[in-house]
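User: Could you take a close look at one helix in this model and tell me how it sits in the rest of the chain? I'd like one connected walk-through, please.

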Amino acid sequence: MTQSSSLQLFDNSVFKFPTVSRSRSGVEFYPSEDLWKYRDGLILIRLDFRIIQAPFEVRQALKRVLTWYAEQQSPNHLDNMFDRFRHFALSVRLTDNTISSVHLINYRTMLHRGIEWYLGSLSGLLKRWHRMCIPGVSDDAAKFLKDIRVKGNRKGVAVQTMDPLQGRFTDIEFEAIRAALTHAYETATIGKDEYVLALLFLALGPRPIQYAAMKVCDVSTWTAIESSTTYLLSIPRAKKREPYARSSFKKRTLIPELGRLVQEYANEVRSRFVGLLDDPGQAPLFPGKKQGANEPVGFEFHRTSQSLADWLERSIDKLQVQSERTGDQINITATRFRRTLGCRAADEGHGEL
């Protein structure tokens with residue numbers, strides 16, 4: 001039976017996995033298991049192959065392909081590929097052990113304009129699958145993906161359309177969030193850690209993974225002769241090829257009011273880690289409540305990027321800040337702070353850099 005047949009034969013090699021594999025950053029995982037759960041740097045990977053609605057043979061073949069992604073690509077990309085295939089298998093109700101062009105055509109017709117880029121992401125996975133000569137993707141499916149023009153994810157739509165749920169905050173929403181945070185901190189509704197994190201998101205715009213990577217030693221001061229104190233924050237650069245995001249930094253100057261608060265908070269965190277870490281200056285700026293499992297060396301007590309983003313959103317959600325546009329509570333996401341900062345800078349005439 002050839003690979004172009006509607007049903008492919010699966011030899012035993014598809015069901016054989018190494019006992020242990022390693023991610024690109026060297027983290028061990030067990031590819032034969034139905035649940036992959038491990039921490040890769042500041043990213044928590046949790047892939048449950050039991051929820052993939054496809055025949056057993058297809059799930060096993062998918063594991064083989066995703067093992068390559070885990071070993072060669074970033075953890076975020078691995079997670080995205082798993083999610084795109086999960087959506088595809090659920091949408092087309094995959095019952096055969098081979099993905100054909102008919103499945104892909106049907107899937108394409110199901111995708112509305114806002115998510116038609118899903119097929120573009122899935123295409124990369126299925127092409128890789130076919131090139132690896134692992135059964136599960138027919139020749140006609142591979143040819144179909146090669147011949148069609150697949151649209152990518154549309155960038156900037158939420159900002160351009162002023163989406164009230166995913167786009168930038170309006171100036172009124174932005175100021176309402178700031179005022180609610182100040183009031184909540186003054187009345188002890190939120191803690192200093194929540195307040196500092198939220199203010200830094202309002203002021204600077206880094207991604208959650210950058211805040212998750214920060215340490216108390218990244219907060220510093222500089223005082224010139226006969227001059228006032230300058231407060232500095234060294235922000236780790238979140239480059240995709242750097243799993244732990246601390247190989248390079250960008251220094252940002254904080255306004256004195258915010259700088260004094262951040263410095264005071266960093267000193268308090270440092271004191272909490274005396275005796276816990278050999279160098280308390282290496283303590284995370286926004287530590288988790290307890291030490292997690294499988295934390296990489298040098299990142300003990302650091303939150304994952306997702307847990308930090310969730311914490312930010314919970315902290316502000318409980319303030320129940322209302323939107324003047326929707327009349328409902330403002331939808332808080334970490335991404336919206338970054339989008340708002342960029343738009344406000346553009347409104348003030350600043351260039352992209």
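Analyst: Happy to help; here is a look at helix 2 and its surroundings. Please keep in mind that this is a predicted model.

First, the setting. The protein chain contains twelve helices and seven strands, and 46% of its 353 residues are buried. Of the contacts between residues at least 6 apart in sequence, 62% join residues at least 24 apart.

Now the helix itself. Helix 2 covers residues 75-92, and at 1.5 Å a residue its 18 residues should span 26 Å; because its end C-alpha atoms are 26 Å apart, the expected and modelled values agree. Right after helix 2 comes Arg93, with a positive phi near 50°.

As for what helix 2 hides, its buried residues are Pro75, Leu78, Met81, Phe82, Arg84, Phe85, His87, Phe88, Ala89 and Val92. These buried residues pack against two strands, strand 3 (35-40) and strand 4 (43-48), and against helix 1 (56-72), helix 3 (101-110) and helix 4 (117-131).

Two of the phenylalanines lead us further inside. Phe85 is among the residues with the most contacts inside the largest nonpolar core, a set of 97 residues, along with Leu66, Leu104, Trp129, Leu200 and Phe286. The largest share of this core, eight residues, comes from helix 8 (residues 192-203). Phe88, in turn, is touched by Leu104, whose other partners beyond four places in sequence include Ile99, Leu119, Leu122, Leu126, Ala141, Phe144 and Leu145.

Note on methods. Residues are numbered from 1 along each chain as its sequence is written. This is a predicted model: local features need pLDDT of at least 70, side-chain atom pairs count only at pLDDT 80 or more; totals for chains, interfaces and linings use all residues. Side-chain values use heavy atoms; hydrogens and water are left out. A nonpolar core is a set of buried Ala, Val, Leu, Ile, Met, Phe, Trp, Tyr and Cys residues joined through side-chain atoms within 4.5 Å. Buried means under 20% relative accessible area, exposed over 50%, partly exposed in between (1.4 Å probe, protein chains only). Helices (H or I, at least four residues) and strands (E, at least two) are DSSP runs, numbered from the N terminus. Contact means heavy atoms within 4.5 Å. The expected span of a helix is 1.5 Å times one less than its number of residues.
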